[in-house]
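Colleague: I should be grateful for a close look at a single part of this predicted model, namely its interior packing and the charged groups associated with it. Please give the account as one connected description.

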Amino acid sequence: ERPEDRWQRAARALGQATGLEESRTHRWVRQLEESDDVGTDACIDSENKGSSLRPLIGITGYMEPARWGRWHKAAVLLPATYVHAVEAAGGRAMVVPPSTVGAGEVIGSLDGLVCSGGSDLDPSIYGHAPHPETGPVKPVRDAGEAPLLEAALDRDLPVLAICRGMQLINVLAGGTLEQHLPDRTGEIEHRLDRGQYVLHDVSIK
């Protein structure tokens with residue numbers, strides 16, 4: 001049997017087991033066949049046993065200066081809590097660095113996207129001047145995450161947006177943000193200091 005025929009048969013079986021498009025599973029099968037971990041037999045058997053491939057979940061990362069060993073350079077960072085949560089839910093985590101290039105290609109390879117929390121969005125994105133309490137903004141991250149999230153929403157990819165990610169969804173939908181809630185609601189105990197948050201009740205109407 002030709003390798004191409006074997007890949008096609010395995011991709012079809014994997015597609016039936018997972019519900020994914022065959023063009024997508026075909027690419028995965030070729031990658032698996034070329035690896036030392038598993039061959040196409042596992043994909044062909046998945047028709048009866050179910051797929052052993054975990055869904056690939058992208059998590060947006062930070063671009064921040066970091067120090068490790070003798071190095072002090074810009075690095076792509078993400079709290080390991082995100083990775084552990086995705087893996088505990090049965091997924092395989094992939095950190096996605098902020099970039100304005102290839103958003104559609106990245107989203108095309110993922111089964112879901114987590115937009116992580118982080119710094120405030122630049123208010124100029126939604127036409128507002130910065131509030132005195134608005135934290136330092138990250139233009140590189142804003143510019144990289146916006147097309148990524150737009151591509152995910154356009155393709156109806158499952159998205160979990162956390163904190164900053166929820167704000168970005170709102171802005172992309174044409175909304176604005178209340179930069180400093182105490183101006184609207186009075187004093188609320190939301191955080192003790194930057195990065196130190198407390199629990200409190202909310203009312204959704």
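Modeller: The largest nonpolar core of this predicted model comprises 17 residues, and those with the most contacts inside it are I107, L113, L148 and L157. At least two residues of this core come from each of α5 (103–108), β5 (112–115), α6 (139–154) and α7 (164–172). The greatest contribution is that of α6, which gives four residues. The surroundings of I107 illustrate the packing: leaving aside neighbours within four places in sequence, I107 is in contact with L113, L148, A151, A152, R155 and L157. There is also a second, separate core of eight residues, which includes I59, Y62, A93 and V114.

Helix α6 deserves particular attention. L153 lies in this helix, yet L153 is partly exposed, because its relative accessible area is 42%, in between the limits of 20% for buried and 50% for exposed. The C-alpha atoms of L153 and L113 are separated by 9.8 Å, although the two residues are 40 residues apart along the chain.

The same helix also carries charged residues. R141 and E145 both lie in α6, four residues apart, which is about one turn of the helix. An α-helix has 3.6 residues a turn, so residues three or four places apart point the same way. R141 and E145 form a salt bridge whose closest N and O atoms are 2.5 Å apart, and both residues are buried. Salt bridges with shared partners join R141, D142, E145 and R164 into one network.

Within that network, D142 is another residue of helix α6. With a relative accessible area of 6%, D142 is buried, because this value is under 20%. Its side chain makes a polar contact of 2.7 Å with the side chain of R164. Not counting residues up to four places away in sequence, D142 touches L121, D122, I125 and R164.

R164 leads on to helix α7, whose buried residues are R164, G165, L168 and V171. These residues cover an arc of only 120° around the axis, and therefore lie on the same side of α7. The elements that cover them include β5, α6 and β6 (159–161). Just after α7, G174 takes a positive phi of about 100°.

The remaining charged pairs may be set beside this network. Side chains of opposite charge can pair when their charged atoms come close. A search of the whole structure finds six salt bridges. In one of them, the side chains of K138 and E64 meet with an N to O distance of 3.4 Å. K138 lies in the loop between β5 and α6, whereas E64 is in strand β2 (residues 62–68), so this pair ties together parts that are 74 residues apart in sequence. K138 counts as partly exposed, because its relative accessibility is 28%. A further salt bridge joins R92 and E87, with the closest N and O atoms 3.5 Å apart. Both partners of this pair are partly exposed: R92 has a relative accessibility of 45%, and E87 has a relative accessible area of 30%.

To draw the description together, α6 gives the most residues to the largest nonpolar core, and it also holds the buried residues R141 and E145. The buried D142 belongs to the network that includes R164, and R164 is one of the buried residues of α7.

Key. Residues numbered from 1 in each chain as written. Predicted model: local features only at pLDDT ≥ 70, side-chain atom pairs only at ≥ 80, totals over all residues. Heavy atoms only, no water. Core = buried A, V, L, I, M, F, W, Y, C linked by side-chain atoms within 4.5 Å. Buried < 20%, exposed > 50% of the residue type's maximum accessible area, 1.4 Å probe, protein only. Contact = heavy atoms within 4.5 Å. Salt bridge = Lys/Arg side-chain N within 4 Å of Asp/Glu carboxyl O. Polar contact = N/O pair within 3.5 Å; in protein donor to acceptor, adjacent residues only side chain to side chain. Arc of directions from axis to C-beta.
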